[in-house]
Amino acid sequence: MKKTAPVAALATLSLLATACGGTSDGPSGRAAEGGTFSFALSADPGVLDPAMGVLGVTNTTLSLAYDTLVANSPEGKILPGLAEKWDVKPDRVTFTLRKNVTCSDGSKLTPSDVAENVNHIADPATKSPVYGVLVPVGMKAEADDAAGTVTLSTPQPFSFILESSTLMFVVCGKGLKDRSSIAHATSGSGPYTLTEAVPSDHYTFKLREDYAWGPNGAATKGSGMPEKVVLRVVPNEQTAANMLISGDLNGAIIYGADRKRLEATPGMGKATMSAGNGQFFYHQGDDRPAKDPAIRKALTQAVNLPELAGIASSGTGRPVTGLVGDPKPCQGDGVTGHVPAFDPAAASAALDAAGWKAGADGVRVKDGRRLSLRLLYVTTKGASTQAANEYLAATWKKIGVDVTLNGVIDTKLSESLNATQDWDVVWLPIGVTLPTQLVGFLSGPSAPKGANFAHLANERYEKLVAEAVTKPGEEGCKLWTESESALYDAADLVPVVENTVLVAQRNATFTVQAGLFVPTSIRMTEAG
């Protein structure tokens, strides 16, 4: 399989998905007409061009203003979106578009518009970080405006060619003519249009009352649809929780300790959802200690992973079975039996055998070089993430490793992963919906030339992926599961926990799926 080669600007994996699926205990109350729905973002979404958006907060923001060709149901069933029907072959899928779709500037959406989106992302000159992640490598699009169809094709069979369209936002109208115009604005066919953008503060969207082409024909004509949506940048979860309780927010996704406080608040609607995995990666660059597989295995053996899982999730996580979130296209468990078991004594013995001997201060030294690790993590995911990384640092210190903690915001994490490369271990939540979306991160050109931020070179993973990508259904899923196991066997990365989050709702109800709003699900309710 040809490797993906997204540019070094590619941001984190954590944010293709924020929350997926789940059960809900919504707030009671009658529908309240009009009004403003206010939701907390944990960080600023940055550049809003869908061809450049990979952070979760970016895609959450974009989901209000842009549509996709098809959508996922909570159970993983493919639903009509901009396309009313489709015909799938192993290496191509032809979509027939709805005829009544218009862009926010009033122009009609055409198959050529859709094709231009795909080809723009696939153009090397665009340097799109979603190429090879949301848009498969080598994909081309051809439009037939007279027939109302657009065909997406790949050079070889691609097992998820239809499913890959569920996260591909379609730009239309003025935004297609001038991509720079949508760096801080929107130009889409979605149910809301961005009317005000104040970076690091808020983003205001206005309802399109004529919208009627959402998943399965969902429309904005309905009781309780808000006239405006305001996304407020609130990096501190405690602040967001306080704003929910006071009624200054209608919704927020809560990862940490404030979750229990909100769950106990009368009148607070609650949905518990999967939110991707917590895990850590080892930097395997030529000058890094973790280049040595013996070091990676020893570091992994030193950690009590169930205990770490409880800390990282504040006791609300679930056992992890793989890297892909809900709705999962493949149901296998690639984790169990493939991660080195907890054995601190074996970890210390392995470091001794590798020539790392304890110095006078307890830190191991080899050939005059101290065994030092720079542990990178993001600070916007609650106190539990901070506690998990402090736990890792303390654990590795016990076996003679000098660890420096480096907590950063989301955008700085992207810079560290892809540009400066100033890390040795990174705690990186993952939330993707297809295993193909991981390939460019886990193989191929290394950062800063590519998206392979950890410099992985797992031949077994690459071989299995090359076969899996051509096989649909259960046959392909078995290979995808085996490919992940190859990563754990080599301690390339260490899966810790499947996180869950609280999607808190105050005087409103709404659905978030795969990190995206289902915008037509937003309903205001009377204060209770």
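Which residue follows H10, and is its phi positive or negative? Select glutamine 421: this residue comes right after H10, and its phi is positive, near 55 degrees. Keep in mind as you click around that this is a predicted model.

**Stop 1: helix H10**

Now step back into the helix itself, residues 410-420. Show the side chains of Asp410, Leu413, Ser414, Ser416, Leu417 and Asn418, which are the buried residues of H10. Turn the view until you look down the axis of H10: the buried residues fall within an arc of 165 degrees, so they line one face of the helix. What sits over them? Colour strand E17 (372-378), strand E18 (402-408) and strand E19 (425-427), which are included in what covers those buried residues.

**Stop 2: helices H7 and H9**

Next, pick H7 (residues 305-312) and H9 (residues 383-398). Their axes are 8 Å apart, and the two helices pack at an angle of about 150 degrees. That angle makes H7 roughly antiparallel to H9. To see the contact, select Glu307, Leu308, Ile311 and Ala312 on the H7 side, then Ser384, Ala387, Ala388, Tyr391 and Leu392 on the H9 side. Sorted by class, the contact of H7 with H9 comes to 7 nonpolar residues, 1 polar and 1 charged.

**Stop 3: glutamine 301**

Go to helix H6 (residues 293-301) and find glutamine 301 in it. Is glutamine 301 buried or exposed? With a relative accessibility of 11%, glutamine 301 counts as buried, because the cut-off for buried is under 20%. To see what is around glutamine 301, ignore neighbours within four places in sequence and select Pro340, Ala341, Phe342, Asp343, Pro344, Ala346 and Ala347, which are in contact with glutamine 301.

**Stop 4: a four-stranded sheet**

Finally, move to the open sheet whose 4 strands run in the order E5-E6-E8-E7, with antiparallel pairing. At its edges are strand E5 (83-89) and strand E7 (140-144), each pairing on one side only. From one strand to the next, the twist averages 20 degrees.

Zoom in on E7 and strand E8 (residues 149-153): these two pair in the antiparallel sense over 5 bridges. For one example, label lysine 140 and serine 153; serine 153, in E8, is the bridge partner of lysine 140. As background, strands of a sheet pair through backbone hydrogen bonds.

Before you leave, add helix H2 (residues 111-122) to the view. H2 lies across strand E6 (92-97), E7 and E8, and runs at about 170 degrees to E7.

Key. Residues are numbered from 1 along each chain as its sequence is written. This is a predicted model: local features need pLDDT of at least 70, side-chain atom pairs count only at pLDDT 80 or more; totals for chains, interfaces and linings use all residues. Side-chain values use heavy atoms; hydrogens and water are left out. Axes are lines fitted to C-alpha atoms, for helices over the stretch in contact, and angles run from 0 to 180 degrees between N-to-C directions. Angles under 35 degrees count as roughly parallel, over 145 as roughly antiparallel, 65 to 115 as roughly perpendicular and the rest as oblique. Contact means heavy atoms within 4.5 Å. Ala, Val, Leu, Ile, Met, Phe, Trp, Tyr, Cys and Pro count as nonpolar, Asp, Glu, Lys and Arg as charged, and the others, Gly among them, as polar. Two strands pair if DSSP finds at least two bridges between them. Buried means under 20% relative accessible area, exposed over 50%, partly exposed in between (1.4 Å probe, protein chains only). The arc is that of the directions from the helix axis to the C-beta atoms.
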